[in-house]
Amino acid sequence: MRKQIIAGNWKMHTDLAEATILVEGIKAALTEGEVSREVVVCPPFTGLSTVADLIEDTEVRLGAQNMYFEPKGAFTGEVSPLMLTDVGCHYVILGHSERREYFGETDALINQKIKAAFQYDLIPILCVGESLAQREANETQTFINSQLTAGLADLTAEQVSQMVIAYEPIWAIGTGKTATAEQAGEVCTAIRAKVAELFDKETAEVLRIQYGGSVKGSNAQEILSQLDIDGALVGGASLKADDFMAIIKA
């Protein structure tokens, strides 16, 4: 069985004091063995070390929001996979729509980052998703299939089986709009089918697929009940412990 994974993407929020309060709130609400889902928090780079110390000896995992594909070098302003593992990261979000839109990240670049993540023992969370215009033009699956084909290029089936794919419709991120549970489930089923086509059915069956896009406590249970949705990539609702816990326990 696939273990559900709930990851909080804090984006460019929280200073160290706010991060501490947030993590302590999550820890206080999580009793040992209570939650069968994997819980991941992804603070800004400046908070990684502090959060790593706070979640030590807990079931909460640490993730980063991005990285560069080189292990070191003259790349001013970038963070390497070695730096992430050194601070205690297990996961790294790659290909988020905001990275693609605001920073011009391409499928080819994201593919390089995924390969580097595996090389340095990080589990990538690959984000894919369509714009509102693409959905209205019935191009959702064609576009996502192209992202999957390019993003997963030259990976082994074993690597793909270990990673996470997050379906995040761009039109539902931070807008208050949410894909219906049926819409989200339909796309996640199609993602699993595409992975089976690119690799094999066994790989597709163990791959975990999240939904991301204005997930909150009030809609989490319906979304997470979909057969091919194995968790959530949570934005705004992960910035308050009570809201995040409502999703984890939905």
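User: What counts as a salt bridge in this model?

Analyst: A salt bridge is a side-chain nitrogen of Lys or Arg within 4 Å of a carboxyl oxygen of Asp or Glu. The general idea is that side chains of opposite charge can pair when their charged atoms come close. The model here is predicted. In this model, D230 pairs with R2, with 2.9 Å between the closest N and O atoms. D230 sits in the loop between α11 and β8 and R2 in the segment before β1, so this salt bridge ties together parts that are 228 residues apart in sequence.

User: Is D230 buried or exposed?

Analyst: D230 is buried, at a relative accessible area of 4%. R2 counts as partly exposed, with 23% relative accessibility.

User: Which other salt bridge does R2 make with a residue of the same loop, and what does that pair tie together?

Analyst: R2 also meets the side chain of D228, at 4.0 Å from N to O. D228 lies in the loop between α11 (217–224) and β8 (231–234), and R2 in the segment before β1 (5–9), so the pair links parts that are 226 residues apart in sequence. D228 is buried too, its relative accessible area being 10%.

User: How many salt bridges are there, and where is one that does not involve R2?

Analyst: The count comes to 15 salt bridges. One of them joins R100 and D107, whose closest N and O atoms are 2.7 Å apart. R100 is buried, with a relative accessible area of 17%, whereas D107 is partly exposed at 24%.

User: Which residues are joined into one network by shared partners?

Analyst: R2, R192, E205, D228 and D230 are joined into one network by salt bridges that share partners.

User: Now the pockets. How should I read the largest pocket, and what lines it?

Analyst: In general, rolling a probe the size of a water molecule over the atoms shows where empty space is left. Here the largest pocket holds about 420 Å³ of space. Its lining has 14 residues, and K11, M12, Q65, R99 and F103 lie nearest its centre. Helix α4 (residues 97–103) supplies the largest share of that lining, four residues. By class, the lining is made up of seven nonpolar, four polar and three charged residues.

User: What lines the second largest pocket?

Analyst: The second largest pocket has about 300 Å³ of space. It is lined by 20 residues, with K11, G174, S214, G235 and G236 nearest its centre. Seven of the lining residues are nonpolar, nine polar and four charged. K11 is named among the residues nearest the centre for both pockets.

Methods
Residues numbered from 1 in each chain as written. Predicted model: local features only at pLDDT ≥ 70, side-chain atom pairs only at ≥ 80, totals over all residues. Heavy atoms only, no water. 1 Å grid on protein atoms, 1.4 Å probe; cavity = no way out; pocket = protein on both sides within 12 Å on 5 of 7 lines; lining within 4 Å. Points joined across faces, edges and corners; volume = space filled by probe spheres on them. Helix = DSSP H or I, 4+ residues; strand = E, 2+ residues; numbered from the N terminus. Nonpolar A, V, L, I, M, F, W, Y, C, P; charged D, E, K, R; others polar. Buried < 20%, exposed > 50% of the residue type's maximum accessible area, 1.4 Å probe, protein only.
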